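Thanks for making time this morning. I would like to walk you through one model, with the structure on the screen as I talk.

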Amino acid sequence: MSDTQTQIDNRPPSVAHLFVDRVEATPDGEAYRYPVPSSSGEGPDEWKSLSWGEAAERVYAIAAGLIALGVQPEERVALASSTRVEWILADLGVMCAGAATTTVYPSTNTEESSFILADSESRLLIAEDAAQLAKAREARAEGLNLAHVVVIDPAGAEPAADDPEGWLLTLADLEARGAEYLVAHPEAVKERVSAITSEQLATLIYTSGTTGRPKGVRLPHDNWSYMAKATVAAGVIQADDVQYLWLPLAHVFGKVLTSGQIEVGHVTAVDGRVDKIIENLPVVQPTYMAAVPRIFEKVYNGVAAKARAGGGAKYKIFQWAAGVAREYAKVSQDNFRRTGNASVPFGLNAKHKVADTLVFTKIREAFGGRLRACISGSAVLAPEIGFFFAGAGVHILEGYGLTESSAASFCNPAEAYRTGTVGKPLPGTEVRIADDGEILLRGPGIMQGYHRLAEKTTEVLESDGWLHTGDIGELSVDGYLRITDRKKDLIKTSGGKYVAPAEVEGQFKAVCPFVSNILVHGADRNFCTALIALDEPSILGWAAENGLEGKSYAEVVAAPQTVELIDGYVKRLNEGLQRWQTVKKFRLLPRDLDIEHGELTPSLKLKRPVVEREYKSLIEDMYAGTREA
């Protein structure tokens, strides 16, 4: 057994134990940074810090406050909030009380929020603000039994006449109650932490399924303790890192990032406001950041649009530099794979230096100038976009996992990453490919099962611990995994040919700088078609230069010249595809796909059945007049 394996096996029962150890080891070290409005109310936010000792004071007060309210070990405490430092403190407080966190996206509507709170049997809700409180009140009126609601931001969250006495508290109230409780019971939190077992429930995360009700995934403390140790052992994070954390913490990906940070003790800057990312990056100057592919696609489209707006010469320089970046990344990665040396030929290196001066340095500066690596997960990153950033010096380490496997099952090694793959398994995780190509996983990160859904659990989790992921993939000889598609999403045309839509969609995103979302359709049809949504800022910028200035998004996408523009990119896409993969027809959507209409999950994954149902008439129109075999 290797030292790495021993380290993973010798993990403590919970992240709560890790947190206590971290606080004792580095009480004065910086733990978190978070933004607050400037004292004048104008200008940029001011960033404040919490040391590990200061964070612990608040965490233990929250834990003691929950104990004082009667919360018992493994009882669920729901948390409905955007990503902010209080989310992390509250989650740690729940864990240190021995309870379990039920995560709820703040964008979840009242009906689904009520279902999650009821199905999880959550005793108490920690709500971000008045909007989340309003959902809780509506759910209570429908019969939901919540003992208390704790509001993080009290602005506008006033007690209502029909609130039960003591039902509504602020987070400050909870912490004050906890601090008072600790005076009388100074060992209460330590006793709860000491009593936590590895198999005790830590987190209940509801999957945002494409059909039917979401399923609660039961993740015990051992999952997170393993993830904390394994991500450090794999070299994903380091003690001197500064992480910029904006991902939804209700998502399993975000949870992994908070666990690993506690193990290694680096600084995390927390701000979930997506519209502040561009502003925050030069201020925070992170060494690593995790994101979903859509963010990198937006950055790429934004850089291309800015170059185009600078005139024909600037755009030609960008296109040339993008080609150099991709070639440089492909050659250097291939050489490293074969020889262990990432060197490139002299001529390519010379071109790269010029492109770096003209284009790439500006891209790295936009990310803060100190970025060691980005971690990409949740969906497939188009390889050509990955190669572009790799060549520009923004190293994107793709990873892979599910909610059911605590998010991080695979990750690319920092020095030897391979664009287009999700890397190698984390230490302690096993993988095998089934006869039909499905990826199976086993290890300490695998869930206990679905909450109160034994039959659903047995459908995906075998008695010997192997989890059926539902994803199709290929393993290289040296253990790198490439995801090709979701098993259920594979298209079989009426001609009997299989098409992986995600692969075609990813290639189009690399070819067309105007695309936001694309759905390839073709199951049981005699050819493939596509629904395409365009990136609004990019296409409106193009429209202003092409006789469509002042037109709305819907008007621009309906214009013949826009259709002709996108048709050119579809033809370029088809040049690189097999005949049966080619997109014969497409339609531009009148608006972009979004979370609010239920077409994307909160982690920005496409909900294919929802989109196909919503735009059924457009799909049928593309096949009208054709004979289906």
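I will take the nonpolar cores, then a pocket, then the salt bridges.

A word on the source: this is a predicted model, in which local features need pLDDT of at least 70 and side-chain atom pairs count only at pLDDT 80 or more, while totals for chains, interfaces and linings use all residues. Residues are numbered from 1 along each chain as its sequence is written, and side-chain values use heavy atoms, with hydrogens and water left out.

Let me begin with the cores, where a nonpolar core is a set of buried Ala, Val, Leu, Ile, Met, Phe, Trp, Tyr and Cys residues joined through side-chain atoms within 4.5 Å, and buried means under 20% relative accessible area, exposed over 50%, and partly exposed in between, with a 1.4 Å probe and protein chains only. The largest nonpolar core has 134 residues, and those touching the most other members are Phe19, Tyr32, Leu92, Phe318, Phe389 and Tyr400. There is also a second, separate core of 42 residues, with Ile518, Ala530, Phe586 and Ile619 among them.

Turning to the second largest pocket, I should say that a pocket here is, on a 1 Å grid over the protein atoms alone, an open set of points with protein on both sides within 12 Å along at least five of seven lines, its lining residues having an atom within 4 Å of a point. The lining comprises 28 residues, and Val299, Gly302, Val303, Lys306 and Ile363 lie nearest the centre. Helix α12 (293–309) is among the elements that supply at least two lining residues, and its 9 residues are the largest share; helices are DSSP runs of H or I, at least four residues, numbered from the N terminus.

That same helix brings us to the salt bridges, each defined as a side-chain nitrogen of Lys or Arg within 4 Å of a carboxyl oxygen of Asp or Glu, of which the whole structure holds 40. Arginine 294 and glutamate 297 both lie in α12, 3 residues apart, about one turn of the helix, and their side chains meet in a salt bridge at 3.2 Å, N to O. Arginine 294 is buried at 9% relative accessible area, as is glutamate 297 at 4%, and both belong to a salt-bridge network with Lys298, Lys509 and Asp535.

Finally, arginine 364 pairs with aspartate 356 in a salt bridge whose closest N and O atoms are 2.8 Å apart; here arginine 364 is partly exposed at 27%, whereas aspartate 356 counts as buried at 17%.

Technical notes: On a 1 Å grid over the protein atoms alone, a cavity is a set of points where a 1.4 Å probe fits but cannot get out, and a pocket is an open set with protein on both sides within 12 Å along at least five of seven lines; lining residues have an atom within 4 Å of a point.
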